[in-house]
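This report introduces a protein structure to a reader who has not met it before. The sequence and the model are shown first, and the description follows.

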Amino acid sequence: MTAIKQTMKGIITSKPSDTTAVVECTRFIQHTKYRKFFKRSKKFHAHDALKAYHEGEQVVIEATRPMSRTKRWRIVSKI
């Protein structure tokens, strides 16, 4: 039995090093009382082992084991 890994879609906002990318994931949330939708975004540090992705590209990231103090995600593919 294999576990399903958490995946998210986002845009690469910066590349602080060769193998690290900062991915910003945006999602829509509905207000509980007023029922209006609004955006929430969060940045994740993701591992780019192939060094193939650049700023501005839309990518899919997947949860993985901790690779450093801040990296807990890895880039799976481009959208």
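The text below treats the chain as a whole, then its salt bridges, and then one residue and its surroundings.

**Overall features**

The model is predicted. The protein chain has 79 residues, of which 24% count as buried. Its secondary structure consists of 5 strands and 0 helices, so that the order along the sequence reads β-β-β-β-β. The C-alpha trace spans about 45 × 35 × 25 Å along its principal axes.

Some features of the chain concern contacts, surface and charge. Of the contacts between residues at least 6 apart in sequence, 45% join residues at least 24 apart. The chain exposes about 6,100 Å², and carbon and sulfur atoms supply 52% of this area. The chain carries 18 positive and 6 negative charges, and the mean positions of the two sets are 12 Å apart.

**Salt bridges**

The count of salt bridges comes to 3. The table gives each pair with the distance between its N and O atoms.

| Acidic residue | Basic residue | N to O distance |
|---|---|---|
| Asp-48 | Lys-15 | 2.7 Å |
| Glu-57 | Lys-78 | 3.4 Å |
| Glu-62 | Arg-74 | 2.6 Å |

What does the salt bridge between Asp-48 and Lys-15 tie together? Asp-48 and Lys-15 form a salt bridge in which the closest N and O atoms are 2.7 Å apart. Asp-48 lies in the loop between strand S3 (37–47) and strand S4 (58–63), and Lys-15 lies in the loop between strand S1 (7–14) and strand S2 (20–30), so the pair ties together parts that are 33 residues apart in sequence. With a relative accessibility of 1%, Asp-48 counts as buried, whereas Lys-15, at 24%, counts as partly exposed.

The side chains of Glu-57 and Lys-78 meet in another salt bridge, at 3.4 Å from N to O. Here Glu-57 belongs to the loop between S3 and S4 and Lys-78 to strand S5 (residues 71–78), so this pair links parts that are 21 residues apart in sequence. Glu-57 is buried, at 18% relative accessibility, while Lys-78 is partly exposed, with a relative accessible area of 48%.

The remaining pair is Arg-74 and Glu-62, whose closest N and O atoms are 2.6 Å apart. Arg-74 lies in strand S5 and Glu-62 in strand S4, so the salt bridge ties together parts that are 12 residues apart in sequence. Arg-74 has a relative accessible area of 32% and is partly exposed; Glu-62, at 14% relative accessibility, counts as buried.

**Thr-20 and its surroundings**

Thr-20 is found in strand S2. Is Thr-20 buried or exposed? Its relative accessibility is 10%, under the 20% limit, and Thr-20 therefore counts as buried.

Which side chains does a polar contact of 3.2 Å join to that of Thr-20? One such contact joins the side chains of Thr-20 and Ser-17, and another joins those of Thr-20 and Lys-71. When neighbours within four places in sequence are left aside, Thr-20 is in contact with Lys-15, His-45, Ala-46 and Lys-71. Lys-15, named among these contacts of Thr-20, is also the partner of Asp-48 in a salt bridge.

Methods: Residues are numbered from 1 along each chain as its sequence is written. This is a predicted model: local features need pLDDT of at least 70, side-chain atom pairs count only at pLDDT 80 or more; totals for chains, interfaces and linings use all residues. Side-chain values use heavy atoms; hydrogens and water are left out. Helices (H or I, at least four residues) and strands (E, at least two) are DSSP runs, numbered from the N terminus. Buried means under 20% relative accessible area, exposed over 50%, partly exposed in between (1.4 Å probe, protein chains only). Contact means heavy atoms within 4.5 Å. Accessible areas come from the Shrake-Rupley method with a 1.4 Å probe; for residues, only the protein chains shown count as cover. Lys and Arg count as positive and Asp and Glu as negative; His and the chain ends are not counted. The place of a charge is taken as NZ of Lys, CZ of Arg, CG of Asp or CD of Glu. A salt bridge is a side-chain nitrogen of Lys or Arg within 4 Å of a carboxyl oxygen of Asp or Glu. A polar contact is a pair of N or O atoms within 3.5 Å; within protein, one must be able to donate a hydrogen and the other to accept it, and residues adjacent in sequence count only if both atoms are side-chain atoms.
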